[in-house]
Amino acid sequence: MSRRGFTLTELLVATIVFLIGFVSVFALFLGGMRMRKLAEDTTRSSLAASCLIDEIRIDAGEGGIPMPPKAYVGDGFARSSEQDGDVSGSGMDTELFAYRPIPGTWYRVMKCTDLEDIPENAQTTVLKLDLLVVPFGTTDETLTFRDLDRRLDLLSDLTRPDREAASPDQIAARLVQRGIGFRFVAVVTRRPSWMPARGP
């Protein structure tokens, strides 16, 4: 009785079929890992945004001086322009802030207005916040939009002058587009101490 082995053609076909199956399974595995990371980042960002909105709500309801909505832009906590001075052009307008309770999470209040999109209305009882949260692990003490652009090559399709002139809003939009950053819009009702108390 003769024992017949596999031909070279049969071995090649079997190898190709095995490789196609292996690559497909590996691609599914990588896709699953990406989805797990996205789910983790989304959960972490949502938790940070929820906590930040609560902290801003508390900050918006205390203090004796009414602050305009634009005072919350940046780190989300109102301060008078007399205390901090003008921050335009100082780098503060491009800085993200570390959210310490959730390590590796950075945020910035991109815009804050009243319901009629007026940022100067200090007497408003409602704040509309546009909050950007970026889960980005780094050991750096500070992080700016330019840092993120350099590290992640977010604006690679722009020319160098256009890239240098890009606004934080453009970089934030790219972060959201790539699934690296998350934007949250929230409406915060405040009852500051400067409002008269209601009757019995």
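Before looking at the strands I noted that a residue is called buried when its relative accessible area is under 20%. I also noted that the model is predicted.

**Strand β3 and its partners.** I looked up strand β3, residues 126-135, and found that it is mostly covered, since 9 of its 10 residues are buried. I then asked which strands pair with β3. On one hand there is strand β2 (residues 105-113), which runs antiparallel to β3 and is joined with it over 8 bridges; in this pairing W106 stands opposite V134 of β3. Strand β5 (residues 182-189) also pairs with β3 in the antiparallel sense, over 8 bridges, and here V126 stands opposite T189 of β5.

**Cysteines.** Next I checked how many disulfides the structure has, and the count came to 0. I looked at two cysteines for their exposure: C112 is buried because its relative accessibility is 1%, whereas C51, at 28%, counts as partly exposed.

**Aromatic rings.** I counted 5 aromatic pairs in the structure. One of them is F22 with F26, whose ring centres lie 6.3 Å apart and whose planes meet at 10°, so I entered the pair as stacked, given that planes under 30 degrees apart count as such. Both residues belong to helix α1 (residues 8-60), and they are 4 residues apart, which is about one turn of the helix. Are these two buried or partly exposed? F22 is partly exposed at a relative accessible area of 47%, and F26 is likewise partly exposed, at 42%. Finally, I noted that ring pairs link F18, F22, F26 and F29 into a cluster.

Conventions: Residues numbered from 1 in each chain as written. Predicted model: local features only at pLDDT ≥ 70, side-chain atom pairs only at ≥ 80, totals over all residues. Heavy atoms only, no water. Disulfide = S-S within 2.5 Å. Buried < 20%, exposed > 50% of the residue type's maximum accessible area, 1.4 Å probe, protein only. Phe/Tyr/Trp six-rings, centres within 6.5 Å; stacked < 30°, edge-to-face > 60°. Helix = DSSP H or I, 4+ residues; strand = E, 2+ residues; numbered from the N terminus. Pairing = 2+ DSSP bridges.
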